[in-house]
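Trainee: Could we go through how the terms in a structure description are earned? I'd like to see each value set against its definition.

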Amino acid sequence: MELYVETVIDVDMDVLWERTQDPVAHQSWDLRFTSISHLPRAEGEAQSFRYATRVLPLLWIAGTGVSAGERQRPDGARVSVLRFASDHPLSPLAEGSGYWRYVPGPTGIRFLTGYHYRPAWGRYGAVADRLIFRPLMGWATAWSFDRLRLWCERGTHPRVALARALGECALRLALVLAVLFASPVAPLALAAGTAALVALLPPLPGTPAARRCRRTPPARIRAPRLLATLEPS
């Protein structure tokens, strides 16, 4: 089952391309990766890369991948594709592939992704993926896309956007706790109602939010043909 995320970013195409293709810029806004680095390659070859995600202060899950892109297309759009794999025993993702599309439009660039992967850990991994990892990956991708949008449109650096998100979460939690400890009458029911209200409140305009992104494709979308040219990583 493919994961899909789409947003519209009002920014110059070259700026968006640079902030998504440059490894240092990419790792700064994408919540799914802590480190991305390109590996040496010969001219004309696809770009190999290494990625890692820090799960705990001293625990990193790493993998490798290969990517390619097309910057010059007749319709003005661009596309980037990749394949990736990890043999780390704690990685919930064994291997997968995906793409980014950059489609110019009247109100900005439709920036969208579709990707799928094979879970690790056999049958237990498949269950954990359906219940935990796949929803988490979809949310993290959408949240990261909105974080990128804020950087491109408002100039909000990804580090600042993350600080705002953490601060807003802390504020919401503090509100629920304040109601819980301040009400001597049916505190649990009141706190539950307050928590539901707080969860439904829209995030501030300068705070990244996954809910701002489309999570289902508007129509059936095929992966770019370029993806078929990549060898598995």
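Trainee: What is the bridge partner of Glu95 in β7?
Mentor: Arg118 is the partner of Glu95 there. Keep in mind that this is a predicted model, where local features need pLDDT of at least 70, side-chain atom pairs count only at pLDDT 80 or more, and totals for chains, interfaces and linings use all residues. Residues are numbered from 1 along each chain as its sequence is written, and side-chain values use heavy atoms, with hydrogens and water left out.

Trainee: How do you know that β6 and strand β7 (residues 108–119) pair?
Mentor: Two strands pair if DSSP finds at least two bridges between them, and a strand is a DSSP run of E with at least two residues, numbered from the N terminus. β6 and β7 have 12 bridges in the antiparallel sense, so the definition is met. They also form a hairpin with two residues between them.

Trainee: And what makes β5 (residues 78–85) and β6 (residues 93–105) a pair?
Mentor: Eight bridges, again antiparallel. In β6, Ser97 stands opposite Arg83.

Trainee: Why is Leu162 called partly exposed?
Mentor: Buried means under 20% relative accessible area and exposed over 50%, with partly exposed in between (1.4 Å probe, protein chains only). Leu162 has 31%, so it counts as partly exposed.

Trainee: Why does Leu136 count as partly exposed?
Mentor: Because its relative accessible area is 47%, and partly exposed is the class between buried and exposed.

Trainee: Which residues does Leu162 touch, not counting those up to four places away in sequence?
Mentor: Trp143 and Arg147, where contact means heavy atoms within 4.5 Å.

Definitions and conventions. Helix = DSSP H or I, 4+ residues; strand = E, 2+ residues; numbered from the N terminus.
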